[in-house]
Amino acid sequence: MNNSVKFKRRMGKTLTYAYLVGLSIIILYPLLITVMSAFKSGNVVAFRLEPIQFSFDNFVGLFTETLYGTWYWNTLVIALITMIVQTSIVTLAGYAYSRYNFLARKQSLIFFLIIQMVPTMAALTAFFVMALMLNALNQPWFLILLYVGGGIPMNAWLMKGYFDTVPISLDESAKLDGAGHFRRFWQIVLPLVRPMIAVQALWAFMGPFGDYILSSFLLREKEVYTVAVGLQTFVSNVKNLKVAYFSAGAILIALPICILFFFLQKNFVSGLTSGGDKG
């Protein structure tokens, strides 16, 4: 009996490790190919593993022979503004939905869910017509508005749920001490929801770096491209593939995201509210 149990445990562990190893290979192999292609001297015609001579020529060429620097700056500005505006709006909306009862509160939350059911592809025509009416084609500010507006519905739901975990007794105690609405929000509740705010900020920042469909649909001039649209031009022409430049540019995209992640990681902590209303 004991041997049978041990055998099942060993088989379970073996299958688990085999699954994790296989998953790691699937994830790491494309990353390894991208890194090797980025540092390989000269252009390559395909992603493949082979001996390489490491060089930074592809990174230098990105900024000297292409508009990658302009695209990178465009994306960074869009991402920063989107992060600040969206996170601020979502945080305030989540607090309002969690702490106050107002007209059409329930209906608006349901409306947010309905909006999320409509895919972005289905709204591209509407976005294009809006851009024409507002003379906003090739305008980064219009793209920022769409990113912010598109991120509000579901993220407001998430923020509301996180605010709900903060004991309302903290608000009531602060109210008895004479704290106003803003002070209760800013000094009492907001510090306790920093983990979710950090997650919201990271998501909002990552969005413009990874979006291709919406940005390629609304940005038509090369000078206003984001990095996702710009990198696509390196591999869109089969007769003139720039795979090495594409790989180098893809690696550089990860840098600001990693920096922001390490800057915010101290806030990715759950359970900050445990014991918050004791004493």
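**Exercise 1. Ala-104 in its loop**

Task: Classify Ala-104 by its relative accessible area, and describe its place and its backbone.

Solution. Step 1: Ala-104 has a relative accessible area of 37%. Buried means under 20%, exposed over 50%, and partly exposed in between, with a 1.4 Å probe and protein chains only; Ala-104 is therefore partly exposed. This is a predicted model, in which local features need pLDDT of at least 70, side-chain atom pairs count only at pLDDT 80 or more, and totals for chains, interfaces and linings use all residues. Residues are numbered from 1 along each chain as its sequence is written, and side-chain values use heavy atoms, with hydrogens and water left out.

Step 2: Ala-104 belongs to the loop between α3 and α4 (105-116). Helices (H or I, at least four residues) and strands (E, at least two) are DSSP runs numbered from the N terminus.

Step 3: The phi of Ala-104 is positive, about 65°, although the residue is not a glycine.

**Exercise 2. Asn-138 and Val-224**

Task: Establish whether Asn-138 is buried or exposed, and trace how Val-224 is placed and what it touches.

Solution. Step 1: Asn-138 sits in the loop between α5 (124-133) and α6. Its phi is near 65°, a positive value in a residue other than glycine.

Step 2: With a relative accessible area of 15%, Asn-138 is buried.

Step 3: Val-224 is located in the loop between α10 (213-218) and α11 (227-235). At 17% relative accessible area, Val-224 is buried.

Step 4: Contact means heavy atoms within 4.5 Å. Neighbours within four places in sequence aside, Val-224 is in contact with Asn-74, Asn-138 and Leu-219.

Step 5: Gln-139 and Val-224 are 85 residues apart along the chain, and their C-alpha atoms are separated by 7.7 Å.

**Exercise 3. Two residues of helix α6**

Task: For Phe-142 and Ile-152, state which residues each one contacts.

Solution. Step 1: Phe-142 is part of helix α6. Its relative accessibility of 2% makes Phe-142 buried.

Step 2: Beyond four places in sequence, Phe-142 is in contact with Phe-127, Met-130, Ala-131, Leu-134, Ala-136 and Leu-218. For the partner Leu-218, 76 residues away along the chain, the C-alpha separation from Phe-142 is 8.8 Å.

Step 3: Ile-152 is also in helix α6. When residues up to four places away are not counted, Ile-152 touches Ile-89 and Val-90.

Step 4: The C-alpha atoms of Ile-152 and Phe-112 are separated by 8.4 Å, with these positions 40 residues apart along the chain.

**Exercise 4. The packing of helix α3**

Task: Describe how α3 crosses α6 and α9, and state the composition of each contact.

Solution. Step 1: Axes are lines fitted to C-alpha atoms, for helices over the stretch in contact, and angles run from 0 to 180 degrees between N-to-C directions. The axes of α3 (residues 68-99) and α6 (residues 140-164) come within 7 Å and cross at roughly 35°.

Step 2: The crossing of α3 and α6 is right-handed. A crossing is right-handed if the near helix is turned clockwise from the far one by less than a right angle, and left-handed if anticlockwise.

Step 3: The residues of the contact of α3 with α6 comprise 17 nonpolar, 7 polar and 3 charged. Here Ala, Val, Leu, Ile, Met, Phe, Trp, Tyr, Cys and Pro count as nonpolar, Asp, Glu, Lys and Arg as charged, and the others, Gly among them, as polar.

Step 4: α3 and α9 (residues 194-210) pack at an angle of about 145°, with their axes 8 Å apart. Their crossing is right-handed. Among the residues in contact are Thr-75, Gln-86 and Val-90 of α3, and Gln-200, Phe-205 and Pro-208 of α9. The contact of α3 with α9 divides into 12 nonpolar, 6 polar and no charged residues.

**Exercise 5. Annotated spans and domains**

Task: Relate the UniProt spans to the computed helix content, and state how the protein is divided.

Solution. Step 1: The unreviewed UniProt entry annotates "transmembrane region" at residues 16-39, 71-97, 109-134, 140-158 and 243-264. UniProt positions are given in the numbering used here, feature names are shortened, and annotations may be inferred rather than shown by experiment.

Step 2: Residues 71-97 are 100% helix and 0% strand, with end C-alpha atoms 38 Å apart. Residues 109-134 are 69% helix and 0% strand, with end C-alpha atoms 29 Å apart.

Step 3: The unreviewed UniProt entry also places "domain: ABC transmembrane type-1" at residues 72-264. This stretch, residues 72-264, is 76% helix and 0% strand, and its end C-alpha atoms are 22 Å apart.

Step 4: The protein is divided into domain 1 (1-58) and domain 2 (61-267), with bounds that come from an automatic or database domain assignment. The centres of domain 1 and domain 2, taken over C-alpha atoms, are separated by 31 Å.
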